[in-house]
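Hi,

Here's the structure I promised to pass on. Have a look at it first, and then read my notes underneath.

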Amino acid sequence: MSHKKPRVLLIRPKYYSLVANLEPLGLEYLAGLARDLKIPCWIHDEFQFPWTLRFYRLCRIIKEGRFDFIGFNANANTVDYINKRAKQLKAIFPDITIMVGGPEAELNYSEFFTDDVDLVYHDNGLATLKEMWRYGFTPDRLKDLTGICYKENGRWITKEKGQPVCGFINKPDRSAFYRGLKKNYIFMKGKYALSKASFSCPYNCLFCYCTKMNSGEYTERNIMEVVDEVEEIHHDKIWFVDDTFFFDKARVRDFCNEIIKRGIKKTFMAYARADFLAANPDILPLAYKAGFRDILVGLEAISDETLDEYNKQTSKNDNIMAIKNLHDNNLVCNGLFVINYTATREDFHKLMKFIKDNNLLWVIFGIFTPYKGTDAYDEYKDKVKNFKSWRLDGTHITLKPTNMSSFEYMFRYYWIHVLTYPKIMVRTFFGTAYDTKRRGWF
Ligand code: SF4
């Protein structure tokens with residue numbers, strides 16, 4: 001039986017972010033699949049538009065494009081927004097099919113079990129979506145597929161996830177990136193295209209959401225395929241959003257050598273763990289030569305006790321050595337810290353001293369948040385407060401600080417930004433923000 005091709009609108013809900021406006025890579029993979037299947041598809045990236053008239057704009061796009069399949073990309077902080085929008089849209093367009101996918105759907109699919117959502121996509125990879133778009137999404141079709149939740153006679157049915165994936169079944173359609181390039185930015189760093197060369201993470205930090213993806217199994221894409229992709233992107237700055245790109249040294253070496261061999265002149269940003277950087281300084285000159293400039297390191301904490309509490313499997317000493325090895329090789333260490341809810345005044349002071357002593361310029365601070373689906377949530381779910389979805393972005397208190405009032409904690413949290421960010425701006429202005437040997441403000 002033939003089935004009518006859907007007309008697909010993919011939506012990335014907007015949320016407050018001062019630090020970045022990024023390419024909607026996840027949705028671009030869906031758009032690439034639609035392109036291959038010759039299904040009309042459009043990405044509506046709300047980050048490209050103002051906050052005003054959001055719903056009006058959305059309705060107009062649906063009407064004009066005659067879209068009948070709406071896909072929302074969900075993060076932890078957009079759950080309530082998506083459920084609200086699904087209700088509003090169904091009231092106006094009762095015949096559309098609404099699907100929710102993305103990281104939050106992958107980990108916590110039942111958050112979207114409402115009257116207005118029709119499908120929740122939690123599978124690893126897009127093979128199930130391909131089947132649905134090709135053959136339809138009636139319950140008798142869906143019953144043989146993996147990683148999908150749907151309703152039958154008003155009752156939600158959950159199909160188990162399929163196997164973890166180690167690659168993509170199609171290339172992304174990056175038109176949304178090129179179209180949105182004008183507004184694309186990372187704070188003080190410029191415009192970046194994204195690429196993903198692996199899935200999940202081999203470690204298991206207490207607060208980490210990413211390691212639970214892909215059924216918790218770390219897998220890697222063929223690295224030559226990744227080089228091909230990098231070469232094809234019409235942009236010179238690429239951010240590997242892998243949870244830890246620097247994991248298998250031989251693979252990193254192959255990547256760098258191939259980039260150099262092909263004469264690809266681009267700059268790269270990627271995540272690496274402190275223990276890897278501390279133990280493998282010999283790979284860093286090659287990484288620099290291949291074009292790596294920014295390394296994001298989850299330093300998380302500056303004491304062994306807190307690192308153990310986070311199950312980070314690194315030490316304070318690893319952190320210090322990682323920063324030193326990066327700086328010695330002219331690679332910028334972007335230090336990511338997670339401020340614990342137990343932080344004392346002294347901890348805030350010590351953190352600032354650590355940053356100064358280790359000459360860290362680029363820093364990012366998050367507040368310890370027990371996201372649903374993480375090990376931290378299991379541990380802290382009875383203690384969370386104000387656990388509204390829009391607050392789940394790592395910049396809000398969800399566990400009452402134990403050593404000061406919430407007001408003081410937030411004040412200190414903002415204050416460490418005041419103490420660090422102006423220097424990043426001044427150094428960027430003077431063109432010295434990537435001089436890793438330099439100290440001081442200019
Ligand atoms: S925080 Fe980083 S190293 Fe730890 S599990 Fe998550 S992605 Fe892996």
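Below is what turned up, starting with a sheet and ending with two backbone angles.

One thing to keep in mind: this is a predicted model.

Let's begin with the sheet. It's an open one made of 6 strands, and if you walk across it you meet them in the order 10-13-14-15-16-17, with parallel pairing. Strand 10 and strand 17 (363–367) sit at the edges with a single partner strand each, so one side of each has no neighbour in the sheet. Going from one strand to the next, the twist averages 20 degrees.

If you'd like to zoom in on one pair, try strand 13 (residues 237–240) and strand 14 (residues 267–272), which are joined in the parallel sense over 4 bridges. Find W239 and look across to strand 14: its bridge partner there is M269. As background, strands of a sheet pair through backbone hydrogen bonds, either parallel or antiparallel.

Now for the backbone angles. Most residues other than glycine have a negative phi. So which residues here have a positive one without being glycine? L53 is one of them, with phi near 60 degrees, and M188 is another, with phi near 65 degrees.

Where do they sit, in terms of loops? You'll find L53 in the loop between strand 3 (41–45) and helix 2 (54–65). M188 lies in the loop between strand 9 (185–186) and strand 10 (193–195).

And are they buried or exposed? L53 is exposed, because its relative accessible area is 58% and the cut-off for exposed is over 50%. M188 has 33% relative accessibility, so it counts as partly exposed.

Cheers

How values were computed:
Residues numbered from 1 in each chain as written. Predicted model: local features only at pLDDT ≥ 70, side-chain atom pairs only at ≥ 80, totals over all residues. Heavy atoms only, no water. Helix = DSSP H or I, 4+ residues; strand = E, 2+ residues; numbered from the N terminus. Buried < 20%, exposed > 50% of the residue type's maximum accessible area, 1.4 Å probe, protein only. Pairing = 2+ DSSP bridges. Axes fitted to C-alpha atoms, helices over the stretch in contact; angles between N-to-C directions.
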